[in-house]
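Student: Please take a close look at a single helix in this model. I would like to know which of its residues are buried, how they are arranged and what covers them.

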Amino acid sequence: MNSTIVGLNGACISVRKRISAEISNGSSFKRKLNFLIVPKITGCVPTQPLDLTKIKLPPNITYADAEFNIPKRIDILLGGSIQNEPSNYYFCNFIQDQVDRNLTKFWDLEAIGIKAESSCDPDDQAMQHFKSSVRFNSGRYEVGFPWKGHTQELNDNFSVAEKRVKSLTRRFIRDPTLYIQYSEILKEYESQGIIERVLETEKPTDRAVFYLPHQVVFRQESLTTKMRIVFDASSHEDGQPSLNDCIWSGENLNPNIFHLIISFRLNTIAITADIERAFLQISLRDEDRDAVRFFVSDIRSNQTDPYKFQVYRFKRVMFGVNVSPFLLSATIKHHIENYREQYPAATEMLDTCLYVDDVISGADDISQALKVSKDAETIMKNASMKLRKWNSNDQTLMRTWEREGLETHPRHPDDSSKIPSSKIGTDGRALLAARLAKEVKKILDQKCSNRAFFWTDSQVTLHWIKVQAIDGNPVLRTGFGEI
């Protein structure tokens with residue numbers, strides 16, 4: 001199921017599960033009820049112990065909870081909701097305090113990514129589904145969507161997608177050049193087997209059907225693809241789940257971006273590249289393709305009725321679905337395991353220096369850089385993925401790549417081949433600086449172990465570091481103890 005509980009002040013919580021249970025008093029009363037499952041109903045009730053000696057209670061009464069005066073957790077809430085069937089909303093009289101959540105968000109932002117990584121869930125639903133369903137078919141990998149529940153719970157989103165494509169069509173009528181560029185991209189997609197036209201008029205009943213709204217966006221700074229078609233898998237009709245709501249997103253398999261950038265800067269020779277249309281190189285299994293349908297405006301063929309649309313669907317994994325980054329990373333990691341013995345250096349680079357579809361790595365000399373890049377290209381080519389836009393701060397390596405047939409990155413005339421130096425300003429935040437230094441040293445020690453020296457002009461920080469026993473404020477004790 002996919003419902004929303006709304007409380008006081010508009011506080012919302014999504015509900016994905018429910019159960020049926022029978023309650024009774026152990027004798028004559030018995031009733032079967034449906035319950036929604038939420039992480040937490042409320043805090044302990046009462047919030048403080050009650051002194052029964054100060055309360056005038058009726059005598060000779062048996063209470064359902066003899067210890068009602070002692071704070072306890074609430075496990076079940078009866079009669080606290082009113083269901084609005086058409087919109088699938090539940091209204092409940094509770095208040096959700098946002099203070100703790102906002103404070104946590106604040107400290108996460110202050111950490112700028114310098115914090116312990118959360119452990120991966122070994123029972124991750126998306127990973128289990130991927131391992132059981134991935135296969136290599138006709139020269140490329142094929143995967144499926146890890147659905148949270150039954151696919152029939154997903155509405156088709158027809159009305160939202162139709163409304164959005166009509167708006168896009170009006171834009172095309174005002175700007176015919178834009179429509180020509182749009183049509184050329186879709187024509188290329190169809191010729192390459194990325195999308196296909198849906199000719200059946202009847203809606204399938206044995207699989208999920210979902211229509212994706214889309215729009216065109218421009219990136220003038222891009223040297224290769226100026227216009228992109230962006231699809232929205234988070235759109236939904238009122239009271240209905242989106243496609244992203246019904247699919248497990250999967251864990252983040254990308255390396256820590258902070259560690260990746262620091263490690264990249266330690267190399268003498270920089271190496272960067274990206275995978276051309278990475279997501280679109282992975283096939284989507286047939287039973288999931290109707291969940292990624294979309295309308296196509298065909299103004300030239302229907303000039304008398306420009307709002308008559310054709311229906312297409314994706315045959316490949318597309319960017320915009322929440323699980324796509326996971327499926328890409330999981331597929332690449334699955335693929336490169338076949339080459340660890342043959343190409344150990346290139347496999348390690350693709351495993352630890354690939355962030356989504358971008359390679360961010362380096363080497364100590366040109367020969368090492370050339371070998372690892374050529375081996376990496378061979379590995380990815382065997383998965384029908386092309387590494388392109390090879391770039392480096394070494395012009396000799398760039399020219400060698402071009403002679404070897406590797407597609408190098410187009411460069412602006414004013415591009416600098418040097419990696420700029422970095423300066424880190426702590427602005428007096430000694431604790432954050434200490435954490436930052438610890439993470440940087442962890443990466444530096446992978447190259448060679450060195451002693452680290454720290455400098456500060458903060459007299460307050462120096463004072464507390466020199467103090468042998470900090471027994472006062474627990475915040476100071478924790479912070480400066482960590483420093």
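Tutor: What follows deals with helix α7 and then, more briefly, with some cysteines and one loop residue. The model is predicted, and the description should be read with that in mind.

Helix α7 spans residues 344-352, and its buried residues are A346, T347, M349 and L350. These four cover an arc of only 160° around the axis, so they lie on the same side of α7. The spacing fits the general geometry: an α-helix has 3.6 residues a turn, so residues three or four places apart point the same way. The buried residues of α7 are covered by elements that include α6 (324-336) and α8 (366-381), together with the strands β16 (354-355) and β17 (358-363).

Two cysteines can be described in the same terms. C353 has a relative accessible area of 13% and therefore counts as buried, the cut-off being under 20%. C246 is also buried, because its relative accessibility is 9%. The structure holds 0 disulfides.

A loop residue can be set beside these. D51 is found in the loop between β4 (30-37) and β5 (81-84). Its relative accessibility is 37%, so D51 counts as partly exposed. The side chain of D51 makes a polar contact of 2.5 Å with the side chain of T53. D51 and I70 are 19 residues apart along the chain, and their C-alpha atoms are separated by 9.4 Å.

Key:
Residues are numbered from 1 along each chain as its sequence is written. This is a predicted model: local features need pLDDT of at least 70, side-chain atom pairs count only at pLDDT 80 or more; totals for chains, interfaces and linings use all residues. Side-chain values use heavy atoms; hydrogens and water are left out. Helices (H or I, at least four residues) and strands (E, at least two) are DSSP runs, numbered from the N terminus. Buried means under 20% relative accessible area, exposed over 50%, partly exposed in between (1.4 Å probe, protein chains only). A polar contact is a pair of N or O atoms within 3.5 Å; within protein, one must be able to donate a hydrogen and the other to accept it, and residues adjacent in sequence count only if both atoms are side-chain atoms. A disulfide is a pair of cysteine sulfur atoms within 2.5 Å. The arc is that of the directions from the helix axis to the C-beta atoms. Contact means heavy atoms within 4.5 Å.
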